[in-house]
Amino acid sequence: MTGSRRGTGEDARARLLRAVLSQVEERGISDLSLRELAAAIGTSHRMLIYHFGSKEGLEVAVVQAVEQAQRAFLAQLLSGSAVGPVEIIGTMWRRLADPGLSAQERLFFEIYGLALQGRPGTAGFLDGVVDAWVDAAAAYAISAGLDEGSARADARLGVAVMRGLLLDLLATGDRPAVDEAVERYIELYRSLPPA
């Protein structure tokens, strides 16, 4: 009996998370109270608290779900044998800079900042927020012949560049200038000697 209740609880949590993700895409959630958010997705604030602990806990779950989807997209790119690193960087940038994802991206940086301050509800958010991306990109570079130390350093640089440029885009809205910076990064990457 415990197993069936647990499964139902996990299903309810997943359904609520999907509803919140849709709300984020449509109009964001940062400016909504937990009660307003619950009303917008057709549930009660008590259910959200039960499943996520707090608004910050819910926002962490949302950001982690979005991050997981983005990493899955990257994994799919990395598994394509005909796709090289320059194409991967360009494709990931276009995906991350999609205006339809701006609410999710803003929430990512908001939660990142709160987690850096140790705010309640954000515990565990920083675990893997960099390394999960570095691990995937480094594994790809190692498989292409780069030594592990260089692969990890290059991957970390790539994560920092993409996040920094995404933050620039969200702050300035200057898509042409930020796209130009991405192209410059790609050109620098292209000019590196082969491993």
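**Reading the cavities and helix contacts**

Modeller: Start inside. The largest cavity has a volume of about 510 Å³. Keep in mind that this is a predicted model.

Biologist: How many cavities of 30 Å³ or more does the structure hold?

Modeller: There are two of that size. The second largest has a volume of about 40 Å³.

Biologist: Before we go in, what secondary structure should I expect around them?

Modeller: Helices. The protein has nine helices and zero strands. Along the sequence the pattern reads α-α-α-α-α-α-α-α-α. For scale, the C-alpha atoms fill a box of roughly 55 × 40 × 30 Å along the principal axes.

Biologist: Back to the largest cavity. Which residues are closest to its centre?

Modeller: A cavity is read through its lining, so take the residues with an atom within 4 Å of a cavity point. Here 26 residues line the largest cavity. Closest to the centre are Leu 74, Ala 137, Gly 158, Val 159 and Met 162.

Biologist: Which elements give two or more residues to that lining?

Modeller: They are α4, α5, α6 (102-116), α7 (131-143), α8 (148-172) and α9 (175-190). The most comes from α8, with eight residues.

Biologist: And how do the lining residues divide by class?

Modeller: The lining of the largest cavity has 21 nonpolar residues, one polar and four charged.

Biologist: Which residues line the second largest cavity?

Modeller: Val 63, Val 66, Glu 67, Gln 70, Gln 104, Glu 105 and Phe 108. Two elements, α4 and α6, give two or more residues each to this lining. Helix α4 gives the most, with four. By class, the lining has three nonpolar, two polar and two charged residues.

Biologist: Now the helix pairs. At what angle do the axes of α4 and α5 cross?

Modeller: Look at two things in a pair: how close the axes come, and the angle between them. The axes of α4 (residues 55-79) and α5 (residues 85-96) come within 11 Å and cross at roughly 155°. That makes α4 roughly antiparallel to α5, because angles over 145 degrees count as roughly antiparallel.

Biologist: Is the crossing of α4 and α5 left-handed or right-handed?

Modeller: Right-handed.

Biologist: Which residues of α4 and α5 meet?

Modeller: From α4, take Ala 69, Gln 70, Phe 73, Leu 74, Leu 77 and Leu 78. From α5, take Ile 88, Thr 91, Met 92, Arg 95 and Leu 96. By class, this contact has eight nonpolar, two polar and one charged residues. Two names return from the cavities. Leu 74 is among the residues closest to the centre of the largest cavity. Gln 70 lines the second largest.

Biologist: Let us try another pair. How do α5 and α9 lie, roughly parallel or roughly antiparallel?

Modeller: Read the angle again. The axes of α5 and α9 come within 10 Å and cross at roughly 165°. That makes α5 roughly antiparallel to α9. The crossing of α5 and α9 is right-handed.

Biologist: Which residues make the contact of α5 with α9?

Modeller: On α5 they are Pro 85, Val 86, Ile 89, Gly 90 and Trp 93. On α9 they are Arg 175, Val 178, Asp 179, Val 182, Tyr 185, Ile 186, Tyr 189 and Arg 190.

Biologist: What classes does that contact hold?

Modeller: The contact of α5 with α9 has nine nonpolar residues, one polar and three charged. Now find α5 in the structure. It contacts α4 through residues including Ile 88 and Met 92, and α9 through residues including Ile 89 and Trp 93.

Note on methods:
Residues numbered from 1 in each chain as written. Predicted model: local features only at pLDDT ≥ 70, side-chain atom pairs only at ≥ 80, totals over all residues. Heavy atoms only, no water. Axes fitted to C-alpha atoms, helices over the stretch in contact; angles between N-to-C directions. Parallel < 35°, antiparallel > 145°, perpendicular 65-115°, else oblique. Left-handed = near helix turned anticlockwise from the far one by under 90°. Contact = heavy atoms within 4.5 Å. Nonpolar A, V, L, I, M, F, W, Y, C, P; charged D, E, K, R; others polar. 1 Å grid on protein atoms, 1.4 Å probe; cavity = no way out; pocket = protein on both sides within 12 Å on 5 of 7 lines; lining within 4 Å. Points joined across faces, edges and corners; volume = space filled by probe spheres on them.
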